[in-house]
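Please look at the sequence and the structure shown below. The paragraphs that follow lead through a pair of helices, a sheet, and the spaces enclosed by the protein.

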Amino acid sequence: MTTLRVLVSDKLSKTAVQVFTDRGVEVDYQPDLGKDKDKLLAIIGNYDGLAIRSATKVTEKLIGAAGRLRVIGRAGIGVDNVDVPAATSRGIIVMNTPFGNSITTAEHAIAMMFAVARQLPAADASTQAGKWEKNRFMGVELTGKVLGIIGCGNIGSIVAERAIGLRMKVIAFDPFLSAERAIDLGVEKVELDELLKRADFITLHTPLTDKTKGIIDAAAIAKTKKGVRIINCARGGLVVEEDLAAALRSGQVAGAGVDVFVEEPAEKNVLFGFDNVVCTPHLGASTTEAQENVAIQVAEQMADYLVNGAVTNALNMPSISAEEAPRLTPFVRLAEQLGAFAGQLTETGMKAIRLEYAGEVADMNTRALTAAALAGVLRPLLQSVNMVSAPAIARERGIAIQETRRAQEGAYESYIRLTIITDKQERSVAGTVFSNGKPRLIQIKGINMEAELGNHMLYITNQDKPGFIGRLGTLLGNEGVNIATFNLGRQAAGEDAIALIEVDGDINEAVLAKVGQLEGVVQARRLAF
């Protein structure tokens, strides 16, 4: 068995490195390698995992050279330095640690609010310069003020909790915040325009996406109270820096706390030089506790995946916990086999794939099972596809994915039915996992049969007529093809029937053509699993 190897190309704690070692993963610790693009490119093909912070840039070119890479782990929440679509297309999982630095970032936002409200940096510089300018540094209290939070996820909710403790009135804009969750947090859920209109302080805690980029621009600032104070400890680009600078000059914005910038390192910036602006060099996650937490967390996540197949905090694949992985694994294999079976029999363009989960499996992690099924369907066409890349590839090709869950029906405690819908037809196949953990087909195109899939299979649809089995067996025997298992099913006597035969080796084209010419054969196909 090949030794699992992880490259650490940015600074991670020794404790994190030890996590890998303790799990039997070999670690190559080169904390400054992220700065040497050429060397990183030259050696990346030797590793199963890459652990990084923000210094290493994981580009499409680097991913293209990483033929062995299975997982990229970012110690921290932001993955701006990783080409996630390129990793996805190559079947590489991208993980981050969204919760390891949440408290630290939230505390930094609160600290920035205090610093801006009381002009602490400027007052400190003035006092240390020998001045005593009490009247110059007149501040404002946080108590009783309205705090508007844009993005009330993990970090935003911690900020809300802390702000409520400071006796602030908290309002929040977040399209994904439910009314029940808002009540639990003690915040008032509002639309963005209302937040801009009412807030005395605005703090941002949302990812940078196409929808959130420039969410605070000149138009948004024009809707705010005169004298609002704006805090951004989330992502550079959420605030249009030139528009904020103009509002600071006009007095529309009384002050700002900025920890993140569009271009970093920010050696020059339009926001520098204002007395009422507090700037810090992306310190949101910079505490000893947070750095240790995210490093250990990413090491544990990567090791869990490489050793056990558990997937946690992945940006491009459904999570599979270490606890559920053993129970889920045989159903993942079943889903892959069902997909591969149907995919190899589909000759025309797919419009949709429908997955039905019944019984106990309906309560499992069906997102992972669907990803596995899609990988099976697409692999006959795209050899390198896997559970990571399959959902994205299906979306790119306009294939609609439908999922349904239902209670137990029929003789089996659990089953999965996969249906491929094309312009011409619908073809379905169903299967279950037996108590021995082995997947079995239980139905093909509505015809019941029980069959275990082997490496080499012969699939035949035929008319149910006497003598067919004998003719087929004789032909295969004469051609030197040994039959391992022989499974039959039919709709009714004399009607459509299916034969699914496992053989000991690949069947060549000449033999397949002879099978297709047998009396009663409608279709004959080779299948590989």
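The model is predicted. A suitable place to begin is helix α13, residues 325-344, whose axis comes within 6 Å of the axis of α14 and crosses that axis at roughly 35 degrees. Two packed helices are described by exactly these quantities, the angle between their axes and the distance between the axes. The crossing of α13 past α14 is right-handed. On the side of α13, the contact is made by Leu328, Phe331, Val332, Ala335, Glu336, Gly339, Ala340 and Gly343. On the side of α14, the residues are Ala368, Leu369, Ala372, Ala373, Gly376 and Val377. Sorted by class, the contact between α13 and α14 consists of ten nonpolar, three polar and one charged residues.

Helix α14 also leads to the sheet. This helix lies across β13 (350-359), β14 and β15 (414-422), and runs at about 140 degrees to β13. The sheet is open and has six strands, arranged in the order β14-β13-β15-β16-β17-β18, with mixed pairing. At its edges are β14 and β18 (447-451), each of which pairs on one side only. On average, neighbouring strands of the sheet are turned by 20 degrees against each other, direction ignored.

Strands of a sheet pair through backbone hydrogen bonds, either parallel or antiparallel. The antiparallel sense is found between β16 (residues 426-433) and β17 (residues 439-444), which pair over five bridges. Within this pairing, alanine 430 has glutamine 443 of β17 as its bridge partner.

The second largest pocket brings α14 and β14 into view again. This pocket contains about 500 Å³ of space. Of its 21 lining residues, Asn316, Val388, Pro391, Ala392 and Arg395 are the closest to its centre. At least two lining residues come from each of α4 (84-89), α14 (366-378), α15 (390-396) and β14 (400-406). Helix α15 gives the most, with five residues. The lining of the second largest pocket comprises twelve nonpolar, five polar and four charged residues.

The last feature is a cavity. The structure holds one cavity of 30 Å³ or more, and the largest cavity has a volume of about 50 Å³. Which residues line the largest cavity? They are Ile230, Asn232, Val239, Glu241, Leu244, Gly257, Val258, Val260 and Leu271. The elements β10 (228-232), α11 (241-250) and β11 (253-258) each supply at least two residues of this lining. By class, the lining of the largest cavity has six nonpolar, two polar and one charged residues.

Technical notes
Residues are numbered from 1 along each chain as its sequence is written. This is a predicted model: local features need pLDDT of at least 70, side-chain atom pairs count only at pLDDT 80 or more; totals for chains, interfaces and linings use all residues. Side-chain values use heavy atoms; hydrogens and water are left out. On a 1 Å grid over the protein atoms alone, a cavity is a set of points where a 1.4 Å probe fits but cannot get out, and a pocket is an open set with protein on both sides within 12 Å along at least five of seven lines; lining residues have an atom within 4 Å of a point. Grid points are joined across faces, edges and corners, and a volume is the space filled by probe spheres set on the points. Helices (H or I, at least four residues) and strands (E, at least two) are DSSP runs, numbered from the N terminus. Ala, Val, Leu, Ile, Met, Phe, Trp, Tyr, Cys and Pro count as nonpolar, Asp, Glu, Lys and Arg as charged, and the others, Gly among them, as polar. Axes are lines fitted to C-alpha atoms, for helices over the stretch in contact, and angles run from 0 to 180 degrees between N-to-C directions. A crossing is left-handed if the near helix is turned anticlockwise from the far one by less than a right angle, and right-handed if clockwise. Contact means heavy atoms within 4.5 Å. Two strands pair if DSSP finds at least two bridges between them.
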